[in-house]
Structures are given as structure tokens and as C-alpha cells.
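Me: I've got a fold to go through and I'd like to talk about its strands and cores. Can you walk me through it?

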Amino acid sequence: RQTAIIERLVMEQSSQKIPIACLVVKDATLQFSEVLDFGLGYCNGDIIVRMDCDDIAEPNLVTKLVEFLIANEDFDVCGVQVQFFGAKEMVTSHPPVVTRQSAFEMPGTWFINHPGVAIRKSALLNLGGYGKTKTGFAEDYHLWCELLKSGGMIANLPDVLLNYRCYQKEWRYPEGYAEFLQKEKAGLRGE
């Protein structure tokens, strides 16, 4: 593959001419977590909103996430509930507060939706960014577990503010995915 880097920046501006969005296109062979870390370098604000390009956000998604984190300094991450559409129809109902202990004790490994979240840039930088997961999957879950192990807390708003496009009825995961999630979850066990 060509390793030359092609960067294109598109800035949307608010009425005050303050950059609020930046699109970065990078042509290189990187893991997704490395691409997310690359994008982190372009973020100038204190709060970063993470979304996927094929999902549909409600108009007030960013405002609600940012206002929550500004008003609740004890939380490092804030997510929302998600409406799945396409091949699968469902609405998530994640708990309002997630701590290291509660994430370890809850059944399963899904306690926040990865798209439609806001994270404090300082918390992300303190963790060293997304970093390589070495597996190339579950970058967000790895990050959430690292954040919880460092003493951070996650909030989930009760509002459904993101429509998540689902392409298949049953998720198919690569080999080693379930084991990776269980290993990450086991790392949440308290000392």
C-alpha cells in the first residue's frame, strides 16, 4: 500500500467563526486505534465527541454531551442510548453511572455505546490515547476499561440521541474477540 499521507481539512464554523469540526483524511496503513490517536492531534477543545460516519445523530447530541460533562466534573466520559436501525432494531439501556466495580460485576461487557460519546481530552491524554490493542478490534472497550482502572467514571444519559446503522442481524466477530473482551473485563477486578 502507498504510505504517503494525504491530509485534507474541512472546517465547519459556528456563527462566531470558531472551528467546531475537523475532517481528516489519512491514507496509510494503520490500525483503527492509531487513526483515532492521529485525529486526537487535531482536537483543540477540552471535550472530544466521538461518532461514526454512518450513524445519524439527533440535533442536540453534542450539546447534551458537552453540557453534561461541563456540569459534572467527576465524570470523564458521557454516552447516550442508541436506536439501532437497518438489519436489527433495538434500543440500548445502559446504566447511568459506570465505575470499575460496576463494570466488572455486570453481566456481559457492553456498558456504553462507542459512537456518540464525549470524553475529556485530558483523560484521554492521561491514558496515552487509544494506543494499539494489538488485536485490531475493540479499541473503545479497551479504552473504557483503561479509564475505569485509572479511577475514571463513565455516565450514560437516558436519552436516545443516536441512530446506529446495523448492517447484519447477527454480529460476527473475528477469532479471539470474545477472549479479548473477557481478558479486558477481568482486568477490572479490584485489588
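Me: How many bridges join strand E4 to strand E9?

Reply: First, this is a predicted model, where local features need pLDDT of at least 70, side-chain atom pairs count only at pLDDT 80 or more, and totals for chains, interfaces and linings use all residues. Residues are numbered from 1 along each chain as its sequence is written, and side-chain values use heavy atoms, with hydrogens and water left out. Strands (E, at least two residues) and helices (H or I, at least four) are DSSP runs numbered from the N terminus, and two strands pair if DSSP finds at least two bridges between them. E4 (residues 56-57) runs antiparallel to E9 (residues 154-166), with Ala57 opposite Leu162, and the number of bridges is two.

Me: In which sense, parallel or antiparallel, do strand E5 and E9 pair?

Reply: Take Phe84, whose bridge partner in E9 is Tyr164. E5 covers residues 77-86, and nine bridges link E5 to E9. The sense is parallel.

Me: Which residue in E9 stands opposite Val98?

Reply: Strand E7 (residues 97-98) pairs with E9 through two bridges, in the antiparallel sense. Opposite Val98 stands Ile154.

Me: Which element gives the largest share of the largest nonpolar core?

Reply: A nonpolar core is a set of buried (under 20% relative accessible area, 1.4 Å probe, protein chains only) Ala, Val, Leu, Ile, Met, Phe, Trp, Tyr and Cys residues joined through side-chain atoms within 4.5 Å. This one has 26 residues, and Val77, Phe111, Trp144 and Ile154 touch the most other members. Helices H1 (32-40) and H6 (177-186) are among the elements giving two or more residues. The largest share, six residues, comes from H5.

Definitions and conventions: Buried < 20%, exposed > 50% of the residue type's maximum accessible area, 1.4 Å probe, protein only.
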